[in-house]
Amino acid sequence: KVPDSAFPSKGHCALLVAGFPCQPFSRLGTQPGFDDENRGMLYTQIVRALRITQPRVFLLENVPGLAAMCNSLKEILASLREVGYDVTVEVVNARGVTAQSRKRLFFAGFLRPKEEEGNGEQSSSREPFQFPYIPDLGLRAQHIVCYQGTGDEDDSIDLDRCRLSEQQMDQLLTRSKRWKPAHMAWPNNVCDTLDGHYGVTAGNGNSQLVPESAPSRPRLFSPRECARVMGFPNWFKIPEVDPNVVGEMAERAHRKRLYLMFGN
């Protein structure tokens, strides 16, 4: 619905950074790709912005599942190259600079000089772009998790309320085929990828848990810990529960919204 005239004109933008919906390409779903017309085709709007504005460089991001969808990836790359860019793609893991393993597919595009514009093929005169080396800071769960008896938890939500219920724990032990105690956020472990569904189905074994000393049951990450997993500093302000809405259900719903935002 945004007209072409609303975009900056050529030469007025140096860098375009964008993401396009990952659901059609994620391994967590059925990977419908372009068949999901509402979301799968939204990358074409990025192509439109590039065609109109012609920034010198762009950086795009999506899930690594797209890298395995060869036909979809090939079509997206062809569209980007057709509007004048040399494009390099690579799956990069954020585990070097965060406490979680989080792989994402990145597209780095560079505008071809006018004299090299042609049929959309990769330019041969330019050295291929190489993604920079990412140092490993060695961050682990112990750097982001508040274990029992260790430090003060800077969080508006009580850690006890993140603990699994007896029903959820029973479900883990008797019905879940995925959950293993070794997968919990032990101090020296790299955390699992945090996603928007974190905590929704904890009883099914889909959420990494924080170990607690017996007889306490393990718990979910607090919203503050989720922020740390994603690299947010401790001074980052997390929205608090609406004071006009009280009760355990309201607090649980608030925590669910925070998990959704941090996971995404």
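So, what volume does the largest pocket have? About 1300 Å³. Keep in mind that this is a predicted model.

Let's stay with that pocket for a moment. Its lining takes in 41 residues, and the ones closest to the centre are L28, R104, T193, L194 and D195. If you want to find the walls by secondary structure, look at strand β2, at 57–62, strand β4, at 103–111, and helix α6, at 248–263: each of them gives at least two residues to the lining. As for chemistry, you've got 18 polar residues in that lining, along with 14 nonpolar and 9 charged.

Okay, on to the second largest pocket. Here we have about 340 Å³ of space. There are 18 lining residues, and closest to the centre sit Q168, G199, L220, R252 and R255. Which element gives the largest share of this lining? That's α6, with 7 residues. So α6 turns up again, having already helped line the largest pocket. The class split for the second largest pocket is 8 nonpolar, 7 charged and 3 polar.

Last bit, a helix pair. Helix α2, residues 43–53, packs on helix α3, residues 70–82, with the axes 9 Å apart and an angle of about 15 degrees. Angles under 35 degrees count as roughly parallel, so that's what we call α2 and α3. The crossing of α2 past α3 is right-handed.

And who's touching whom? From α2 we have Y43, V47 and L50, and they meet E75, I76, S79 and L80 of α3. By class, that contact comes out as 5 nonpolar residues, 1 polar and 1 charged.

Notes
Residues are numbered from 1 along each chain as its sequence is written. This is a predicted model: local features need pLDDT of at least 70, side-chain atom pairs count only at pLDDT 80 or more; totals for chains, interfaces and linings use all residues. Side-chain values use heavy atoms; hydrogens and water are left out. On a 1 Å grid over the protein atoms alone, a cavity is a set of points where a 1.4 Å probe fits but cannot get out, and a pocket is an open set with protein on both sides within 12 Å along at least five of seven lines; lining residues have an atom within 4 Å of a point. Grid points are joined across faces, edges and corners, and a volume is the space filled by probe spheres set on the points. Helices (H or I, at least four residues) and strands (E, at least two) are DSSP runs, numbered from the N terminus. Ala, Val, Leu, Ile, Met, Phe, Trp, Tyr, Cys and Pro count as nonpolar, Asp, Glu, Lys and Arg as charged, and the others, Gly among them, as polar. Axes are lines fitted to C-alpha atoms, for helices over the stretch in contact, and angles run from 0 to 180 degrees between N-to-C directions. Angles under 35 degrees count as roughly parallel, over 145 as roughly antiparallel, 65 to 115 as roughly perpendicular and the rest as oblique. A crossing is left-handed if the near helix is turned anticlockwise from the far one by less than a right angle, and right-handed if clockwise. Contact means heavy atoms within 4.5 Å.
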